[in-house]
Amino acid sequence: NLVTAVIVDNALAISRDDEEEQLRVKRMEEARNFKQLAALFAEMDADGSGELTFDELERAFLKPTVRDKFNLLDVDEDRVRELFTMLDITGDGELSLDEFVEGLTKIKKPPQSWDLLQVSAAVQKLHIRMCAFLE
């Protein structure tokens, strides 16, 4: 029994270490991703305002290096307006760094069940508000 307990304890410790390593790697990847997207944002923010306008984004697409980065995300010149509108959560006509990074991060990875739940909940809440408004 003692030998079994030691083996189980070692297996649990290894598993816990493995989970911690996976979490560490995930955090490092997220930090690297943020840094890359922040650098891209700064490159496109022509006036240095900390906000990205549609004109700045459109002009940035003229640069092959920027266009190539967006093409890797399956975003081409024909979809620039659509992309900007989707990323501009506040609707103020400018993208903050947070809007830009959060939106492009979502584009880079496939949707998860959590993402679908968020969309479903938002649609349901909107439906309820619209019904209440129409009554």
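**Note on the predicted model**

1. Pro-111 has 60% relative accessibility and therefore counts as exposed, the cut-off being over 50%. This proline sits in the loop that connects H5 with helix H6 (113-134). Between Pro-111 and Ala-13 there are 32 Å from C-alpha to C-alpha, for a separation of 98 residues in sequence. The model is a predicted one, and the points below should be read with that in mind.

2. Asp-74 belongs to another loop, the one between H3 and H4. With 63% relative accessibility, Asp-74 also counts as exposed, because the value is over 50%. The backbone deserves a remark here: phi of Asp-74 is near 65 degrees, which is positive although the residue is not glycine. For most residues other than glycine, phi is negative.

3. On the overall fold, the protein chain holds six helices and two strands. Read from the N terminus, the order of elements is α-β-α-α-α-β-α-α. The radius of gyration is 22 Å, whereas the globule rule gives 14 Å for 135 residues, so the protein chain is more spread out than a compact globule. Along the principal axes, the C-alpha atoms occupy a box of roughly 70 × 50 × 25 Å.

4. Burial and contact range can be taken together. Of the 135 residues in the protein chain, 20% are buried. When contacts between residues at least 6 apart in sequence are considered, 51% of them link residues at least 24 apart.

5. Next, the core. The largest nonpolar core consists of 21 residues, and the most contacts inside it are made by Met-44, Leu-52, Leu-57, Phe-70, Phe-100 and Leu-104. Two or more residues of this core come from each of H1, helix H2 (54-60), helix H3 (64-71), H4 and H5.

6. Which residues does Phe-100 contact, neighbours within four places in sequence left aside? The partners of Phe-100 are Leu-37, Leu-40, Phe-41, Met-44, Leu-52, Phe-70, Leu-87 and Leu-95. Among these partners, Met-44, Leu-52 and Phe-70 are also listed with Phe-100 as residues with the most contacts inside the largest nonpolar core.

7. The largest pocket encloses about 490 Å³ of space. Its lining comprises 19 residues, and Met-86, Leu-87, Gly-103, Lys-106 and Ile-107 are the closest to the centre. Helix H4 (80-87) and helix H5 (97-108) are the elements that supply two or more lining residues. H5 has the largest share, with six residues. By class, the lining is made up of nine nonpolar, nine charged and one polar residue. Leu-87 thus appears both in this lining and as a contact of Phe-100.

8. The second largest pocket has about 270 Å³ of space. The residues lining this pocket are Lys-26, Glu-29, Glu-30, Asn-33, Phe-34, Val-101, Thr-105, Lys-108 and Lys-109. Here helix H1 (2-44) and H5 are the elements that contribute two or more residues. The largest share, five residues, is that of H1. Five of the lining residues are charged, two are polar and two are nonpolar.

9. H5 recurs through this note. This helix gives two or more residues to the largest nonpolar core, to the lining of the largest pocket and to that of the second largest pocket. The loop that holds Pro-111 lies between H5 and H6.

Definitions and conventions:
Residues are numbered from 1 along each chain as its sequence is written. This is a predicted model: local features need pLDDT of at least 70, side-chain atom pairs count only at pLDDT 80 or more; totals for chains, interfaces and linings use all residues. Side-chain values use heavy atoms; hydrogens and water are left out. On a 1 Å grid over the protein atoms alone, a cavity is a set of points where a 1.4 Å probe fits but cannot get out, and a pocket is an open set with protein on both sides within 12 Å along at least five of seven lines; lining residues have an atom within 4 Å of a point. Grid points are joined across faces, edges and corners, and a volume is the space filled by probe spheres set on the points. Helices (H or I, at least four residues) and strands (E, at least two) are DSSP runs, numbered from the N terminus. Ala, Val, Leu, Ile, Met, Phe, Trp, Tyr, Cys and Pro count as nonpolar, Asp, Glu, Lys and Arg as charged, and the others, Gly among them, as polar. A nonpolar core is a set of buried Ala, Val, Leu, Ile, Met, Phe, Trp, Tyr and Cys residues joined through side-chain atoms within 4.5 Å. Buried means under 20% relative accessible area, exposed over 50%, partly exposed in between (1.4 Å probe, protein chains only). Contact means heavy atoms within 4.5 Å. The radius of gyration is taken over C-alpha atoms; the globule rule is 2.2 Å times the number of residues to the power 0.38.
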